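This report describes the architecture of a single protein chain. The sequence and the coordinates are shown first.

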Amino acid sequence: HLVDGEGLLGAVLAAVGAEAQLESAAAGGATLRFADKAGLARFVSRFPMEVARVAPGLELVQAWVRWDEQADGLSGALALRLDQARSLRPSRLPQVTPVIDPSPRGGGPMLAAAGLVQGRRADRLDAGLDRKLWMGERAVTELERRMLQRVSADGTPQQPSRPPEGVSWPTDIDEISGPDRAYVAVVHVDGNAIGQHVRGLSSLELRAFSRALSSVTRDAAAWAVEKVLYPGAADRVPGRIVVLGGDDLTAIVRADLALDFADHFMQRFAEQSRSDQTLKQVTGGAGLTASAGVAWVRAHHPFNDAYQLADALCSWAKAHGRMWDGTPPGLVGFQRVSDSLARDPRDQVDLGRRLALDDVKLPARFGFGPYLGGCSREHAAARDAGFVSLRAIRDVGKALRASDLPRGAFRELVRLLESEPERAQARWERIQQVQERGRVPGWDALGESLADLDAGLRGQLWALGQRVVDGIPGDVALTPWLDAVVLSRHDAHVVGGVR
């Protein structure tokens with residue numbers, strides 16, 4: 001709303017009489033080209049005050065450079081100016097209120113109360129928290145009106161995506177996680193190699209590309225919401241989109257729906273980008289792909305930490321996709337945080353130790369990720385390099401969840417993988433002996449799903465694969481069990497609303 005041409009930004013431009021062209025608008029920022037310096041000066045003086053009025057406490061960074069039709073490196077120069085401006089401490093107007101109670105949550109002077117709860121006064125709110133609650137309710141309208149606006153193949157807007165009858169959007173994290181679920185998932189999706197495609201585009205071409213990209217992203221988000229979140233809804237939609245703009249999507253969704261949501265978005269994003277005439281022309285007909293990071297956290301885990309982890313997982317997946325020329329595959333990385341500390345995804349996969357496999361000392365890695373998702377399941381180059389589909393690892397988790405195998409034995413297996421990977425193999429062999437003797441239901445299905453994941457896992461805890469090590473592709477020892485145990489608890493296949 002703040003940076004959209006139809007929202008506050010457009011209103012301020014009109015109010016100050018500044019002539020400007022909106023070049024691009026992404027999740028949290030916008031780039032404008034002003035016709036004259038006087039209009040720029042009027043805008044940059046007024047816009048921060050309007051942002052402070054609409055969203056008290058939200059920090060705004062502005063920067064500008066001289067524009068030249070023939071100049072190169074303008075975007076880099078502008079990014080440098082933004083970084084410099086971001087390093088300056090913002091000045092705040094004093095709030096001297098000796099006779100007004102402070103808000104216990106925000107610290108500012110209290111100006112409102114959230115209402116009565118069982119006859120007692122609820123949260124005392126300062127300006128920032130009061131406006132945040134108001135914007136949260138208002139955002140539902142914006143979400144349906146603009147963010148989830150689907151478009152047809154010829155670019156014609158369709159009816160916005162709205163929840164089913166009797167279902168509303170959640171306004172609290174507990175309405176997303178549900179009464180019996182302790183975890184939610186933060187999903188972050190980002191387009192692959194967007195920067196490569198926009199290099200060399202003229203101002204007019206960049207503007208058209210930005211509009212087409214935003215349209216495809218919104219359509220993919222609406223598709224994922226309709227196919228995954230709406231079928232999983234009771235009285236509340238089990239998820240809420242937090243950021244949607246440019247090629248970025250960030251959402252909080254119920255834990256068991258996270259991978260389906262990300263996978264549906266990635267698939268639709270790739271398909272629509274190949275249908276859009278502007279994107280087809282810029283990409284040479286190949287279209288675009290996106291990669292995703294999914295962080296499972298407890299419902300009241302600090303959101304910023306969870307977002308940073310999901311973003312890092314997405315970046316980790318995208319880094320692996322850069323190994324190929326042409327269109328990168330869409331990859332998914334995921335991790336569960338079971339305590340208050342969110343580890344960097346590289347800590348999950350780079351153990352810093354070497355494991356003897358086939359008489360060769362190899363780096364040992366937890367998981368086969370990042371996994372091929374969306375339309376990248378059949379990406380030949382990634383498949384040849386040893387990457388496996390998201391479906392394959394989800395099948396292992398599904399088989400483990402459906403079996404009668406003892407969960408304690410597999411939790412112990414994962415513990416040994418983290419501390420003593422060599423001893424873990426002996427424990428895995430013992431589990432196999434016990435299960436094969438007892439013919440435990442589900443054991444055969446689990447073995448088949450492991451073999452589909454990698455033929456080397458028949459009777460083995462580790463398999464030989466190839467991943468990026470210190471920026472260079474190389475052989476590594478991979479084991480699926482950490483991912484499989486996490487998925488057995490937090491993942492659920494959703495097809496037509498039936499799990």
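The account below moves from the chain as a whole to one sheet, its covering helices and selected residues.

## Overall composition

The model is predicted. The protein chain contains 17 helices and 16 strands. Of its 499 residues, 45% are buried. The accessible surface amounts to about 25,000 Å², and carbon and sulfur atoms account for 49% of that surface. When contacts between residues at least 6 apart in sequence are considered, 64% of them join residues at least 24 apart.

## The six-stranded sheet

An open sheet is built from six strands in the order β8-β9-β7-β10-β11-β14, and its pairing is mixed. The edges are occupied by β8 (239-245) and β14, each of which pairs on one side only. In general, strands of a sheet are held together through backbone hydrogen bonds, in either a parallel or an antiparallel arrangement.

At the β8 edge, β8 and strand β9 (residues 248-254) are antiparallel and share six bridges. Within this pairing, L244 stands opposite L249 of β9. The two strands form a hairpin with two residues between them. In the turn, G246 has a positive phi of about 60°.

On to the next neighbour in the sheet, β9 also pairs with β7, again antiparallel, through seven bridges. One residue pair in β7 and β9 can be named: H188 has T250 of β9 as its bridge partner. How enclosed is β9 by the rest of the structure? Seven of the seven residues of β9 are buried, so this strand is largely enclosed.

## Helices across the sheet

Two helices can be placed relative to these strands. Helix α7 (residues 203-229) lies across β8 and β9, and runs at about 170° to β8. K227 lies over the face of W223, 4.8 Å from the ring centre.

Helix α17 (residues 481-490) lies across β7 (183-191), β10 (290-298), β11 and β14. Its direction is at about 80° to β11. The helix is mostly covered, as nine of its 10 residues are buried. The buried set consists of W481, L482, D483, A484, V485, V486, L487, S488 and H490.

## Aromatic pairs

The structure holds eight aromatic pairs. One of them is formed by F334 and Y371, whose rings are stacked at 5.6 Å centre to centre with 15° between the planes. This pair links distant parts of the chain, since F334 belongs to strand β11 (residues 331-336) and Y371 to strand β14 (residues 371-372), 37 residues apart. Are these two residues buried or exposed? F334 is buried because its relative accessibility is 4%, below the 20% cut-off. Y371 is likewise buried, because its relative accessible area is 1%.

Elsewhere, F34, F43 and F47 are linked by ring pairs into a cluster.

## Residues brought together from separate parts of the chain

Three pairs of residues are listed here with their separation along the chain and the distance between their C-alpha atoms.

| Residue pair | Separation along the chain | C-alpha distance |
|---|---|---|
| V337 and R298 | 39 residues | 7.6 Å |
| V476 and A364 | 112 residues | 6.1 Å |
| A11 and F47 | 36 residues | 9.7 Å |

V337 is found in the loop between β11 and α11 (345-349). This residue counts as buried because its relative accessible area is 3%. Its partner in the table, R298, falls within β10 (290-298).

V476 lies in strand β16 (residues 472-479). With a relative accessibility of 0%, V476 is buried.

A11 lies in helix α1 (residues 8-16). Which class does the accessibility of A11 give? At 45% relative accessibility, A11 counts as partly exposed, because the value lies between the 20% limit for buried and the 50% limit for exposed residues. The C-alpha atom of A11 is separated by 9.7 Å from that of F47, and F47 is one of the residues in the phenylalanine cluster with F34 and F43.

## Summary

The picture that emerges centres on the sheet described above. Helix α7 lies across β8 and β9, while helix α17 lies across β7, β10, β11 and β14. The stacked pair of F334 and Y371 connects β11 with the edge strand β14.

Terms used
Residues numbered from 1 in each chain as written. Predicted model: local features only at pLDDT ≥ 70, side-chain atom pairs only at ≥ 80, totals over all residues. Heavy atoms only, no water. Phe/Tyr/Trp six-rings, centres within 6.5 Å; stacked < 30°, edge-to-face > 60°. Helix = DSSP H or I, 4+ residues; strand = E, 2+ residues; numbered from the N terminus. Buried < 20%, exposed > 50% of the residue type's maximum accessible area, 1.4 Å probe, protein only. Lys NZ or Arg CZ within 6 Å of the ring centre and 35° of its normal. Pairing = 2+ DSSP bridges. Contact = heavy atoms within 4.5 Å. Axes fitted to C-alpha atoms, helices over the stretch in contact; angles between N-to-C directions. Areas by Shrake-Rupley, 256 points an atom, 1.4 Å probe, with all protein chains shown as cover.
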